[in-house]
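Here are a few exercises to work through with the model open beside you. Try each task before you read its solution.

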Amino acid sequence: MHHRPAVEIKGLHYAYPDGTVALRGVDLLVEEGEAVGIVGPNGAGKSTLLLHLNGILAGRGEVRIFGLPVEKANLREIRRRVGLVFQDPDDQLFSPTVFDDVAFGPLNMGLSREEVAEAVSCALELVGLEGLEKRSAYHLSYGQKKRAAIATVLSMNPDLLVLDEPSSNLDPRARREFSELLQRTRITKILVTHDLPFVFENCERVVVMDGGRIVADGDVFSILSNEELLKKHGLELPYGFYPMHREMDGHRVEEDRG
Amino acid sequence: MKHAFLDEYSGLRSPIHQLDPRAKLVGFAALIVVCVTTPPNLYAAFAVYLGLELALLWLSRLPLRHVARRMLIVLPFILVVAAFLPFFSRGGGSYNLGPVRVSGHGLLVLWNVAAKSTVSVLAVILLSSTTPFPDLLRGMERLRVPRLLVALLSFTYRYIFVLVDEMQRMRRARDSRAWRGKWLWQSKVVGHMVAALFLRSYERGERVYAAMLARGYGGGMHTLYLYEPGIMEVGFASLVMLVPLAARIIL
């Protein structure tokens, strides 16, 4: 099987305006159809890396998304193809109603009124929030907010879904629903988190970051069962959790695309 | 934490609720302008304004208790200030109420303030309780209210209670640590809390902006407008504009 690369990053360096160096030479290749978890301790540069995927931050080095270099001329196209979901849904949902939020992306893309309405109802159905269009995001439960936040990018029909801390603050049921939603969404996915069981469940490949660099990259089982590696980079599995080698047949996207 | 929203009861169904927000915006704004420019001694005109509003209130089927509660939030502030006027103002003849002297001019000013604020506040309550706030914003947008102002109102509507919640959480965290002490120390702590809230809001603003950019924001706010103005809207706007105007001129 051969795939086109969805994300190509070469030698990416980034320092924040206050001088804090966040990325010290990151190389990463993500192929279309993959589900990749990026894990690492706080301050490893995970979220900074994520903001480079659609050109919100621009560091030194090369970033290509579906072959397009991330630069001003391509931003419109890249932001349509990359659906970036932020950690706090209160940041993602800024409009007076859920409908307006989900319609924000499609309207910016210049779709017609009918196309926008269609895209919104499709996206809300995918995340199971039909009928809440007129609600204010303030009145949703936290789990509903998280799912609404995903809907706001699904309505743009993205080819790459990028999620920052998708499972944080979710209760077990909301977490289960969110996980199922991710598995139903069969596009390339990048998850940034330190919730290792969540990664185990949703990704085939794990990238470990620490100190602004990628320190390990491999399949989910071999990384998560390498206790020494995890420990060295400030990560650990929850007490009593042991990754088991599982048959990767159910949720693999690659096989469907052929 | 739950908060009463500005536009409580705006989801009811009534002839007034169903109108295009633009008609209501224009109508009620006109009513307020006509009312505040009416000379205070045209008592009958004020009766007409209030009568018109009561008729609309009846049509809109809003619970009276809700309207009364809203009025009670706003009016006392205005009236408490105005209530002192008859005692301190001079001129316009005066009446003796036992030991206190009341000025006729001051009484007229009190009446002026009371009548105009009642009519105006009631108009605003009628508008905000019969129109969902998001629709009101879109109506304003269509009426060419400056984009920046509409966006500002929209973010305020969305985030005001997020901020209130944040403040409440900070207050709980503070009180849980047996917070008390001298006034000076207290005011210092409150100062720190306000600063923390400001910084958090500032950072949230940056994150919200990033979330907007990530979805292709390019400077313009696009929204869908689902209302079509028709005969009802024209009828409503002309009724609410022309009746007070006629009362103001004829009476």
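**Exercise 1. Place B:T37 in its chain and decide whether it is buried, partly exposed or exposed.**

Step 1: B:T37 sits in the loop of chain B between α1 (21-36) and α2 (43-60); helices here are DSSP runs of H or I with at least four residues, numbered from the N terminus.

Step 2: B:T37 has a relative accessible area of 45%, so call it partly exposed. The cut-offs are under 20% for buried and over 50% for exposed, with partly exposed in between (1.4 Å probe, protein chains only).

Step 3: Look at the side chain of B:T37: one of its polar atoms is 2.9 Å from the backbone oxygen of B:V33.

Step 4: Now go along the chain to B:K116, 79 residues from B:T37; the two C-alpha atoms are 9.2 Å apart.

A word on the ground rules: this is a predicted model, where local features need pLDDT of at least 70 and side-chain atom pairs pLDDT 80 or more, while totals for chains, interfaces and linings use all residues. Residues count from 1 along each chain as written, chains are lettered from A and ligands numbered from 1 in written order, and side-chain values use heavy atoms, without hydrogens or water.

**Exercise 2. Do the same for A:F178, then list what it touches.**

Step 1: Find A:F178 in helix α7 (residues 172-184) of chain A.

Step 2: Its relative accessible area is 2%, so A:F178 is buried.

Step 3: Leaving out residues up to four places away in sequence, A:F178 touches A:K146, A:R147, A:I150, A:P166, A:L170 and A:F198 (contact means heavy atoms within 4.5 Å).

**Exercise 3. Describe the interface between chain B and chain A.**

Step 1: Count residues: chain B puts in 33 and chain A 31.

Step 2: The two chains bury about 2,800 Å², 57% of it on carbon and sulfur atoms. Buried area is the accessible area (1.4 Å probe) lost when two parts are put together, summed over both.

Step 3: On the chain B side, B:R158, B:R215 and B:L224 lose the most area to chain A, together 31% of what that side buries.

Step 4: Tally the salt bridges between the chains: there are five, each a side-chain nitrogen of Lys or Arg within 4 Å of a carboxyl oxygen of Asp or Glu. A:D88 forms a salt bridge with B:R204, and their closest N and O atoms are 3.2 Å apart.

Note on methods. Helices (H or I, at least four residues) and strands (E, at least two) are DSSP runs, numbered from the N terminus. A polar contact is a pair of N or O atoms within 3.5 Å; within protein, one must be able to donate a hydrogen and the other to accept it, and residues adjacent in sequence count only if both atoms are side-chain atoms.
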